[in-house]
Amino acid sequence: HVTNSSFFGNEALTGNGGAIHMARDSILHIFNSTIIKNKALILHGGAIGVWYRSSLFMYTCIVDGNEALNGGGIDSRGKSLLNIYNSTFQNNKALDIDGGAIYVRDNSNISMYTCIVNRNKAKTSGGALFLTEDSIMHVTNSLFFGNEAIISNGGAFYLRNSKLYMYSCITNGNSAKVKGGGMYFENGIMYGYNSTFIENEAYAD
């Protein structure tokens, strides 16, 4: 367990997870902590890499200003699990590919409850989140605003062969250079309940 801690200005020079990398079958709980301005400049997960059946639980955390090629804040893959509660992801960047705040792939699952995801950027797609390869996301009572897909699709969300279940959320003021200012689907499925999409913009739509 990690409690009341700060991870600031760390860098993974040749690997994943600028601040933390969770390898196979790992479990980590983080409480009331900040993860700020960490970098994985040639690979994935500017703040945290969660790989191969690992499980990350975050409670009341701030993930701010982290950078990576893929998954500016968190990169999760290989049947891993993310559970995130009452946390904020802001100003994170995927410098070269997808998932400004969070990138999820390979049958991984993510659940978010009462979170704020704002002003994250992906150079390609999924300004806030990018889900691919049979991944599943459940998100409840959360706000996504001001996220940007700089050169492609999905200002807030990009879903490829994945599912999104959204409950009582607001997706507002996100933008994509090409299509899907709020959300872009490529063989993706969304189930939305009591949720609002407002003032999202795609310049080629």
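**Exercise 1.** In which sense do β12 and strand β16 (residues 109–113) pair, and over how many bridges?

*Solution.* Keep in mind that this is a predicted model. Start with the pair itself: β12 and β16 run in the parallel sense, joined over 5 bridges. Now pick out one contact across it: L82 sits opposite I110 in β16.

**Exercise 2.** Take strand β8 (residues 55–59) and find how it pairs with strand β12 (residues 81–85).

*Solution.* The pairing is parallel, over 5 bridges. For a residue to check by eye, go to M58, whose bridge partner in β12 is I84.

**Exercise 3.** Work out the strand order of the open sheet that has 7 strands, then say which strands stand at the edges.

*Solution.* Walking across the sheet, you get β6-β10-β14-β18-β22-β26-β30, with parallel pairing. The edges belong to β6 (39–44) and β30 (201–202); each has a single partner strand, so one side of each lacks a neighbour in the sheet. For a look inside that order, try β18 (residues 121–122) and β22 (residues 148–149): they run parallel and are joined by 2 bridges. A122 has A149 as its bridge partner in β22.

**Exercise 4.** Find the residues that form a nonpolar surface patch with L41, and decide whether L95 is buried, partly exposed or exposed.

*Solution.* The patch is formed by L41, I42 and L95, and together they offer about 220 Å² of accessible area. Next, place L95: look in the loop between β14 (93–94) and β15 (102–104). Its relative accessibility is 34%. Buried would need under 20% and exposed over 50%, so L95 counts as partly exposed.

Conventions. Residues numbered from 1 in each chain as written. Predicted model: local features only at pLDDT ≥ 70, side-chain atom pairs only at ≥ 80, totals over all residues. Heavy atoms only, no water. Patch = residues over 30% accessible without salt bridge, like charges linked within 9 Å, V, L, I, M, F, W, Y side chains within 5 Å. Areas by Shrake-Rupley, 256 points an atom, 1.4 Å probe, with all protein chains shown as cover. Salt bridge = Lys/Arg side-chain N within 4 Å of Asp/Glu carboxyl O. Helix = DSSP H or I, 4+ residues; strand = E, 2+ residues; numbered from the N terminus. Buried < 20%, exposed > 50% of the residue type's maximum accessible area, 1.4 Å probe, protein only. Pairing = 2+ DSSP bridges.
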